[in-house]
Amino acid sequence: MSGFRRFLVALAAVALSTAALPGGLTAQETTGTIRGRVSDAAQLTPIADATISVAGQTVLSTADGFYVVEDISAGVYTLNANVLGYRPFSTEVTVRVGETATVNVNMSVAPLEMTPLVAVGYGELERSENVGVVTEVPSEAFNTGRIVTSEELIKGKVAGVQVTENNGGEPGGGTAIRIRGGTSITSSNEPLYVIDGVPIEVGGGIGSVGGLRSPLAFLNPDDIASMTVLKDASATAIYGSRGANGVILIETTAGRAAAGAPTKVSYRGNFSASTIDNTPNVLNAPQFRNAVTEQAPEVLGVLDNETTDWYDAMTDNSFGQEHTLAVSGGGEKMDFRVSLGFFDQEGVVNFTDMQRASLNFGYNQLLFDDQLSLAANVLGARTERNSAGSRVLGSATNFAPTQPIYDSLSVYGGYFEWDDILGTNNPVGEANLVTQQEVAYRSIGNVTAEYFLPKLDGLSVTGRFGYTFVNGEGQFFAPSFAKFQTEAGQLGTVWRSTGTESSWLGDAFLTYAGNWENHQLTATGGYSYQQWQTDNPYFEAQQLSSDLLGPDGVPSYDFNRITLNVEEHKLGSWFGRANYTLLDRYTLTASIRADESSRFGEENRWGYFPSFGAAWNIGGESFADSDFLSDLRLRGSWGKNGNEAFANYQQYKTYTYSENTAQAQFGDEFIPTIRPSAIDPNIKWEETTSWNIGLDYGFNRNRWWGSLEYYDKTTEDLIFDVIVAGGTNLSNVVTTNVGEMRNRGFEFTLNGVFAEPSDPGDFSWDANFNFAYNDNELTKINQFGTGTEKILAGDAISGAVGNFIQVLEPGQPVNSFFVYEHKIGADGLPIYADVNGDGTINEQDLYVDQNGDGNINQDDRRAYKSPQPDWIMGHTSLMRWNRFDLSFTLLANLGNYVYNNVASSTGFYDQLRDAAAPSNMHVSVLQNNFQSPQYFSDWYVEDAGFLRMQNIELGYTFRNWLNGVRIYGVVQNAFTITGYSGVDPTASTDGIDNNRYPRTRTFTAGLNVTF
Amino acid sequence: MNIRKIMTLCVAFVGLVAVNACDVTTEPRSTVTDANIFEDTQSYEAFLARLYAGLGVTGQQGPSGDGDFQRLDEGFSSYNRQLWQLQELPTDEAVIAWNDAGLPELSYQGWASSNQFVQMMYSRIMFQVSMVNEFLRETTDEVLASRGQESLTEEIQQFRAEARFLRALSYWHGIDLYGDIPLVTEEYPLNGPPPPQSTRQELYNYVVSELNEIRGDLPPPGAGEYGRADQGAVAMLLAKLYMNAGVYVGSDAYSQAMTELDNVLGAYQLATNYRDNFVADNHLSPELIFAVPQDGERTRQWGGQTFLVHAQVGGSNEEMPPENWGIDGGWWGLRVTPEFVALFPGAENSPEGEYSPDGRQYFYWLIRDNGEPRSLEITSITDWYAGWTCPKYSNLTSSGLPGSHPTFPDTDYPMFRLADAYLMYAELAVRGAGGSTAQAAEYVNQLRQRAYGDASGNIGAGDLTLDFVLDERARELYWEGHRRTDLIRYGLFTGGDKLWSWKGNVQAGASTSDHLNVYPIPASEILANPNLTQNPGY
């Protein structure tokens, strides 16, 4: 798109120069010249493509930053310089006849500045033309420090965008993004990512194959130039059946290099150390022994006399490093950038780590009098992740602290283990004995050609061919003598899971940008086709005859499982958009996308997704002309989006063959079976209809600016597994379009310049505040629903089997907790006593009988709070003084609740009464005195609102070395203020804290240098 | 390259992309669809096998994975695990220590319509019905002819009869557990609207007529392949229906029950040892009329007998060495009530070892490692050590060898066996439905002689009373999934006439409401099918 961007920049420059004509001076025969160089004030690196306007002329700086303005009449002029990402520069210059005035322009970075162009689907628009809710985060404003996956770059930066690591501090543990709340229950709630114009499969695809659970884990953050979040339907409807959860456009630096740039070599590197922030609060050895003595003296005999801190034995400080070496440059008509990155991060839990090696290449070329612009981009990476097994953290919480780690007589590889098969397994043993690794090779790339048609001013045609590819391999090995292998009868397991997903994309579209007097029209329309194929072979062998081959071979075995799954997904789409602006004040926009997806059933082949929007630039009206109010713009939009991120082939009745372990016995023979599937042949997309009202404002020459948005989104035809009337289908549920939910909320953004520098080197302070409120409500879950229905939801909690703690209930937020109301005693603690005097402490004593039937059962559980935050707030400050810069980001959530499953599944004395393997308890037991588990008590649903200092960075730039050297230090997760009693209030999006990977505090020191 | 060429290329590119992409249809590649599955004639037997497997496994992978149901724990979704739980836990025969949501409520008759186990059993029943209906739709003469497979018609005749037997069996469970549920036959379209509710009477009539219709297409009693239905299974199922007709339709049919038993009594033999019916090689027992086979290698699941064998064992490895039951560890769950123990004379007073001369009890390990006795009283449902265990099932063979896998027992689930028929005969004789009480006493004594090892426990015809038969059914058939139905037939399941520990959620036992004689239609089902009316009292 760089050609188009340049075209628009030029357009803007022309407009600017006309407006900025000073007038008053008549041309003389003799004139003077102004020349100079535009540089980054801090790094003193040249800035290309800066717009220099003086005396009615406008020029662009060259790749070396130089500019020349000739033929200027003598006089005093104001020279203005503007470039994306920097503060506007302005200075007075005196031109004398026959002389050359030198004005070097040192521009300061302004990361939070409003950019003149906004990226939208299939193009860019001038900000004044745009109606949709679009927020760009340029790389200068990204979060800093140890960034494992690129989703974290914009955490806390954009109103209404919630970024959560799915598994706390685990390197590569997965990241979830919710834009204005989730719109789905079983389909993906993740946004559509479009990397340099190539969309990646929603909710998985290139990111998830091979177990690296973040879509962007393969990207080197240093290669990202900007991330743009599209939030409302006006902005996202052009992505049709994939836009319901918002869209994030990612532009890589490779796609944005400037023609004629000098050859530059830059290096960025850093090292980090991480410490564990918090660990589960369980009893230590003396406390545990005391508890056993008091509560279950009969098991004292099985205790040893050790004092083992199992969590301590499982964790350690960890270190990380990251290096990026980039070479960029170009000639008059071309430019390129190559970057090589290496990333290595250990996890604080032993045996966990992630590595990434990336190689990216970008190339741009102008041809045929600059009428054809070609851009090619290839990103590639190898990622590797090692894990310690999924159960070890839970085991570290549960294992009795009186027991030793090692036992030389143990048959379980020298690790102490309980004999009982239900006893907790030694986490140190499991972590040491298990090999679990995921390696993935990914690549994404595209070639884009944009041709400006001669003789047809403003009309261009763009063709793009793109691909995504990922090959991921997961491998696992556990030796036969590991306790968890013997107790499950697996006796040695080796498996490999190889997944390949490839896709290709073809886009062809026309773009027209025209401008007549008071009219401005931009229109885009075309066709896009994308298809994906996945191949997933898998083999597993159990009951191995030998452990000697480890993960690298298969000895003889007694059980195996081999599967192969090949799937395709195709999506063909027509799309179009028009933006029309009258008198620079009134803008109308409309877009439409028609999607035909292989996932839609026969009667729903095509989905249509329109949007309309309008904007009124009130600030441009004469009555609103004021120095104080520099900008005021009212926007409104309406549109429809879809979500097709559900499984393939849902509309086909398929038959599944049974494994040879799930057969039927006829006489002495075992017969393999086939099972037909339950389907809805007409399944289709989930449809979100939304409207948005927004107000952009700017005060005091835009020293303070921002926006206010109100939105209302209704999602219909929600897909989930609906219980079907018995006898009408071939399972208890069928996946179909039933259900409705609504998200309403508002967002407020304020950007401000607290301190404006008058000279380079002065103190400056830029700040961003963003606040977002969202109210999620499920309105329908059943086609015959009466409003009283409830469906258990979420993931099963730890504790007894099949216990669900969340519910889908109309009128409540999705996945509200579904709990008993625990009666609270005078001491403020949950009651645990025989209140009714029937001789036992049971549910009747503890919980409120909501329906008054004298019995406490599931009918007395009620929806109570939800994991989704009401408020998400972020703040970023950036200060510079002289050669120092200081920035920090604060993040807060309010109204989000977490079910403390660690406390509920271990905080009771029955844990001790397993005569063969007493388990450790959460400290809450000392206070609550629960004898038996109270999984469904609302006591465990805790307010997990928090305020976190996400990162603080201090940097210093040496100007006289090379082309500028910057050193910096960052502290991430400096502190968290929360009332939540568990390890981490932000452990996951699902609201169940079940021995999540602990969060870390990370200290990073780094260096950026350009040669 | 000039501009015209470029333009041509651009247009060609757009055209190429659009034309190439106009069809997005993709068909499944790694699974077969209904378009081609039956080209393979093996598929018919495989589908029939799946109908039987509906009683034995929980999905297409063993022990779990690719489950038949969604949103439910797969191990919980097992047909015979839930049938067993709903039939045994609310009675005097069993309590279970676990805290799974809704499970303690089964032990004390406190379930609500949202209870997940109540929901799962209902789903299992209707799943069997749907699958049978689909099988019948795919195997009509017309459909076979349309596939050019007329030659299969004869073989498939028996398949269809077996499928209809399985549907009848599930409908029997349906009317027994839930009362009025929809009657859905193969006439009802797949993906159709929610079916109307039927009455117990309609279902009863339907099942009786179905069983009588298919009888001729099945092998004679005892002649069917093991694990498959034959006329013996049909007769036994009909006898069960008639036996409980008073409960199901309000009018007794005892004499019809007696007639059906005649088809069974002579066709099978008692196993020599009582325990041969509950061990890893119980498929060899000549006593089994219809069983759900389970195999450690080939029919793995976390429900069924895997559940039953493991759940009855617990405590330390010294207290109850799991290898004594051929398994790799206990699950610390099932115990019996003191009222059940009292059915075995002398048991309560036994210090250890030989608890009662009646060899059918397996009360086990009174004394724990720490020297304290396990309490006979169930002071708490959730305390494994409160109440005696009675591990009747074993994954050791009759000769004491371990089954094929220590986690997944080979022990088959004995759904119908001859001893049950004997005791039904005895009850019917006492109820005056034919036969003779002398013959009844003879049958009972065959069982008791096997239990005692000699004639010391034998009774006379005069000892035969309805109460005696009920108690004898408990002694002989406990933990085989009959108790709830028996107690309801006797009018003792609810109300205050018979109390046992934790009935009504108090340790001493309390009267419960009669509406509990049928389970509620699951709340989720009421929502999915607006035609349904909830059972009274829920």
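This report covers surface patches, backbone geometry and overall dimensions in a two-chain structure.

The model is predicted: local features need pLDDT of at least 70, side-chain atom pairs count only at pLDDT 80 or more, and totals for chains, interfaces and linings use all residues. Residues are numbered from 1 along each chain as its sequence is written, chains are lettered from A and ligands numbered from 1 in the order in which they are written, and side-chain values use heavy atoms, with hydrogens and water left out.

**Chain B**

Chain B has 18 helices and 5 strands (DSSP runs numbered from the N terminus: H or I of at least four residues, E of at least two). Of its 538 residues, 65% count as buried (under 20% relative accessible area; exposed is over 50%, partly exposed in between; 1.4 Å probe, protein chains only). The C-alpha atoms of chain B fill a box of roughly 110 × 55 × 50 Å along the principal axes. Its radius of gyration is 26 Å, which agrees with the value near 24 Å for a compact globule of 538 residues (taken over C-alpha atoms; the rule is 2.2 Å times the number of residues to the power 0.38).

**Surface patches of chain A**

Patches are made of residues with over 30% relative accessible area and no salt bridge; like charges are joined within 9 Å and nonpolar side chains (Val, Leu, Ile, Met, Phe, Trp, Tyr) within 5 Å. A salt bridge is a side-chain nitrogen of Lys or Arg within 4 Å of a carboxyl oxygen of Asp or Glu.

A nonpolar patch of about 1000 Å² includes A:Leu583, A:Tyr586, A:Trp616 and A:Trp638. Strands 29 (606-616), 30 (629-643) and 35 (686-699) of chain A each supply at least two of its residues. A:Trp638 is in strand 30 and is partly exposed, at 32% relative accessibility.

A negative patch is formed by A:Asp309, A:Asp312, A:Asp316 and A:Glu346. A:Glu346 belongs to strand 20 (residues 334-346) and is partly exposed at 35%.

**Backbone geometry**

Most residues other than glycine have a negative phi, and most peptide bonds are trans. Two residues of chain A with positive phi are tabulated here.

| Residue | Phi | Loop between | Relative accessibility |
|---|---|---|---|
| A:Glu517 | about 30° | strand 25 (493-516) and strand 26 (519-544) | 79%, exposed |
| A:Asp584 | near 55° | strand 27 (557-582) and strand 28 (586-597) | 55%, exposed |

In chain B, the peptide bond from B:Gly62 to B:Pro63 is cis, with omega near 0°. B:Pro63 lies in the loop between helix 2 (42-56) and helix 3 (79-88).

Notes:
Accessible areas come from the Shrake-Rupley method with a 1.4 Å probe; for residues, only the protein chains shown count as cover. Lys and Arg count as positive and Asp and Glu as negative; His and the chain ends are not counted. The place of a charge is taken as NZ of Lys, CZ of Arg, CG of Asp or CD of Glu.
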